[in-house]
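Here's a quick walk through this model, from the outside in. Have a look at it first, then read on.

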Amino acid sequence: MQGINNWILTVSVGTIICSIVMMFIPSKKYEQSIKHIIGLFMLLCFTMPVIGDIKPINIDYSIIENRRFEIAKEIDDKINSSVNKNLNSYISEELNGIGININEYDILSKVERGILVVKLPTMYINEEEIVRKHLSEVFNVSVEINFT
């Protein structure tokens, strides 16, 4: 009941304000524009109770954020996989260039904490120092050599 009383009061006061404004229009030149503005004002007065009762929509952004992180991780994993595949190929080319014949499929490499970690077959254990030095110079990072 209070809502209806507030609505009637809002429409009544709006009507009185509009009537007063219409009485003070300086000339016929502005009458049409002022009537449009008054019409919008009255429309607002009529719809104010309805607009005031609209509740905001609550969106759970944590679900969106979680999904965004999942997608970002999937993309990172795909990029890392591609980079590691290309890195293995590049390392193979570099080592072949200095006379160490090795297939890219025999190399496992990754970058951890800014260190290039390379796993080579044990048959290359005698070339460890040569490989470390060469890859350090090529990639300008610390290189850790492990053997499988």
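## Surface and charge

The accessible surface of the protein chain adds up to about 11200 Å², and carbon and sulfur atoms account for 61% of that. Keep in mind that this is a predicted model, so treat every value here as computed from it.

How far apart are the mean positions of the positive and negative charges? With 14 positive and 18 negative charges in the protein chain, the two mean positions sit 14 Å apart.

## Overall shape

The C-alpha atoms of the protein chain fill a box of roughly 100 × 40 × 20 Å along the principal axes. The radius of gyration is 38 Å, whereas a compact globule of 148 residues would come in near 15 Å.

What share of the residues is buried? Of the 148 residues in the protein chain, 20% are buried. As for contacts, take those between residues at least 6 apart in sequence: 52% of them join residues at least 24 apart.

## Helices and strands

The protein chain has four helices and three strands. Walk along the sequence and you'll meet them in the pattern α-α-α-β-β-α-β. Two of the helices come up again below: helix 3, which covers residues 61–97, and helix 4, which covers residues 128–139.

## A salt-bridge network in helix 3

Side chains of opposite charge can pair when their charged atoms come close. In this model the count comes to five salt bridges. Which residues are linked in a network of them? Arg-67, Glu-70 and Glu-74 are.

Arg-67 takes part in both of the pairings described here. Its salt bridge with Glu-70 has the closest N and O atoms 3.1 Å apart, and these two residues lie in helix 3 at a spacing of three residues, about one turn of the helix. Arg-67 also meets the side chain of Glu-74 in a salt bridge, at 3.9 Å from N to O. That one still makes the list because the cut-off is 4 Å.

Are these residues buried or exposed? Arg-67 counts as partly exposed, at 41% relative accessibility. Glu-70 is partly exposed too, at 44%, and Glu-74 gets the label partly exposed at 42%.

## Another pair, in helix 4

Over in helix 4, Arg-132 forms a salt bridge with Glu-129, with 3.8 Å between the closest N and O atoms. Both residues belong to that helix and are three residues apart, about one turn.

How exposed are the two partners? Arg-132 has a relative accessible area of 22%, so it counts as partly exposed, since the buried label needs a value under 20%. Glu-129 is exposed, at 54%, because that label applies over 50%.

## A buried serine

Back in helix 3, you'll find Ser-92. Is Ser-92 buried or exposed? At 6% relative accessibility, Ser-92 counts as buried.

What is Ser-92 in contact with, once its neighbours within four places in sequence are set aside? The contacts of Ser-92 are Ile-102, Asn-103, Glu-104 and Ile-107.

Terms used: Residues are numbered from 1 along each chain as its sequence is written. This is a predicted model: local features need pLDDT of at least 70, side-chain atom pairs count only at pLDDT 80 or more; totals for chains, interfaces and linings use all residues. Side-chain values use heavy atoms; hydrogens and water are left out. Buried means under 20% relative accessible area, exposed over 50%, partly exposed in between (1.4 Å probe, protein chains only). The radius of gyration is taken over C-alpha atoms; the globule rule is 2.2 Å times the number of residues to the power 0.38. Contact means heavy atoms within 4.5 Å. Accessible areas come from the Shrake-Rupley method with a 1.4 Å probe; for residues, only the protein chains shown count as cover. Lys and Arg count as positive and Asp and Glu as negative; His and the chain ends are not counted. The place of a charge is taken as NZ of Lys, CZ of Arg, CG of Asp or CD of Glu.
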